[in-house]
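User: I should like to go through this model by question and answer. Please reason briefly each time and close on the value or name requested.

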Amino acid sequence: MLQLMINDQQLYIGDQAADTMLLNYLREQRGLVGTKEGCASGDCGACTVVMVSADPTLGLRYQQINSCITPLHALHGKQVITVEYLKQGQQLHPVQQAVVDKHGSQCGFCTPGFVMSLYALSRQAEAPEHPEEFLAGNLCRCTGYGPLIEAARDIAQQGAAVDHIQQKEVSVKQWMDECESLDGVNYWQPSSRKELAEVRAAHPKARWVAGATDLALEVTQQYKQIEQLIDLSAVNELKQITRIDGGWRIGAALNLDEVHQFMLQHYPSTHEIFSRLGSLTIRHRATLGGSLGNASPIGDIAPLLISLNGKVEVDDGKDIQLHAAEDYITGYRQTKLKDNQWISAVHLPDLAPETKHQIYKISKRYEDDITTVVLALSLSLDAQQRVSHCVIAAGGVAAKSVRLSQLEQGLVGKVFDLATLQQVQAMVPQYVTPIDDVRASAKYRVLLVQNLLKRFYLHCQQLPTRLAAHA
């Protein structure tokens, strides 16, 4: 049976469909209508609530999530805090008061979502360097961002206020520790590789789910019914980062925010792309495996993995296979994954100190937007400053993420100077043949690839100067 705490109520739920979204349950069955539906796709943040989960280091972790695309069953053993729970009697919560003091509410429709993102900010153990990032997943149609950013900075500076929610943390943590494994009907959450294989064998038509940031859109946008789901998020092997020979194994069900923190330390050139993968709210749920399983031609993860010579690990409970990142996706939303397999991890080799690596994303909106073109490049030079190794990968230019090997061949063995760059730029229209769509014309996408190649060239020319400045 599903065990869930909503605000301070412990619930035991046994009659919900596998594809019930948290937002619908809150509004229609609990009467908690402060949580709004705006886009039903995780873009606007009007549906934001705070998910509280057990954490071995922090005790409890507070993260804002989009309730419109979070399956209800995915909250098993967790607490959900809605905007109604912040206020005590006639006394506003300090976070709510900060929004009032800064005049941060206009028409008010988006305000509950902003408040909940700010509440998650207030509960962080350490004040983030850029507190405004907690608001990246919330849109305001009245353009009232200035006061809300001021409120975020004040909240981060003042630190967490002791409130009625924090006072009950001990009992909440005890309840979480006592929760039994999910025994769902048409929604399974196995906790081991062996159990996962057994559930899959018994329910071969069930859909895989981890963060559901893509899958849920079939329910909320296309109005499909998904009758059976197998949740990968409780399998420890899929949520760990381990050192392997010459690199790292990153579990496929680890959320992208945690992946981002790891990549900052070991692959810092990926920071911009991870900070622009949806929003922090999305990254609290989205996973590496979800992006690769979706196999979108405008996904950001596949080009990144290709550029880093990464591999995709797939498992069926008996045998583990590794696929080169450029080979794993075979066509438009098609992969090498078989029905009885799941994506278990990605493997990344260590980045050699002399390797120059960058990944660039172009989108209409800087944050929380899908890609127009993404270009990822990795390049090494020999002692004569000739290109000894090169990988160029792109998304948004074909039916799948692709490795542009023809452009690589135009660089390997040559001095990476302006003349070589221009020769490779001239090759782009021959080998990059995208389509026109609502995001961009084919001609514009070709121009973007050419210009991003030059951006990388300029980056490489400036690199020694920047390194010397930080030495």
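User: At what distance does a polar contact join the side chains of Gln16 and Gln29?

Analyst: The model is a predicted one. Gln16 sits in the loop between strand E2 (9-13) and helix H1 (22-29). Its side chain and that of Gln29 are joined by a polar contact of 2.9 Å.

User: Is Gln16 buried or exposed?

Analyst: Gln16 has polar partners, and a polar contact of 3.5 Å joins its side chain to that of Asp15. Leaving aside neighbours within four places in sequence, Gln16 is in contact with Tyr25, Gln29, Leu72 and His73. The relative accessibility of Gln16 is 13%, and the cut-off for burial is under 20%. Gln16 therefore counts as buried.

User: How many disulfides does the structure hold?

Analyst: A disulfide requires two cysteine sulfur atoms within 2.5 Å. For Cys142, the closest cysteine sulfur is in Cys107 at 3.8 Å, which is too far for a bond. Cys460 is in no disulfide either, as the nearest cysteine sulfur, that of Cys390, is 9.6 Å away. The number of disulfides in the structure is 0.

User: Which of the classes buried, partly exposed and exposed applies to Cys142?

Analyst: The class between under 20% and over 50% relative accessible area is partly exposed. Cys142 has 25% relative accessibility, so its class is partly exposed.

User: Which helix gives the most residues to the largest nonpolar core?

Analyst: The largest nonpolar core has 67 residues, and those with the most contacts inside it include Leu22, Leu75 and Leu305. A helix comprising residues 301-307 gives the most to this core, with 5 residues. That element is helix H13.

User: How many residues does the second, separate core have?

Analyst: This core is separate from the largest one, and its members include Met5, Leu118, Ala120 and Cys179. Its residue count is 34.

User: What is the phi of Ala212?

Analyst: Most residues other than glycine have a negative phi. Ala212 lies in the loop between strand E7 (207-209) and helix H8 (216-220), and at 8% relative accessibility it counts as buried. Although Ala212 is not a glycine, its phi is positive, near 70 degrees.

User: Which residue in the loop between strand E16 (356-362) and strand E17 (373-381) has a positive phi of about 55 degrees?

Analyst: The residue in question is not a glycine. With 4% relative accessibility, it counts as buried. The residue found in that loop with this phi is Asp368.

Methods
Residues numbered from 1 in each chain as written. Predicted model: local features only at pLDDT ≥ 70, side-chain atom pairs only at ≥ 80, totals over all residues. Heavy atoms only, no water. Helix = DSSP H or I, 4+ residues; strand = E, 2+ residues; numbered from the N terminus. Buried < 20%, exposed > 50% of the residue type's maximum accessible area, 1.4 Å probe, protein only. Core = buried A, V, L, I, M, F, W, Y, C linked by side-chain atoms within 4.5 Å. Polar contact = N/O pair within 3.5 Å; in protein donor to acceptor, adjacent residues only side chain to side chain. Contact = heavy atoms within 4.5 Å.
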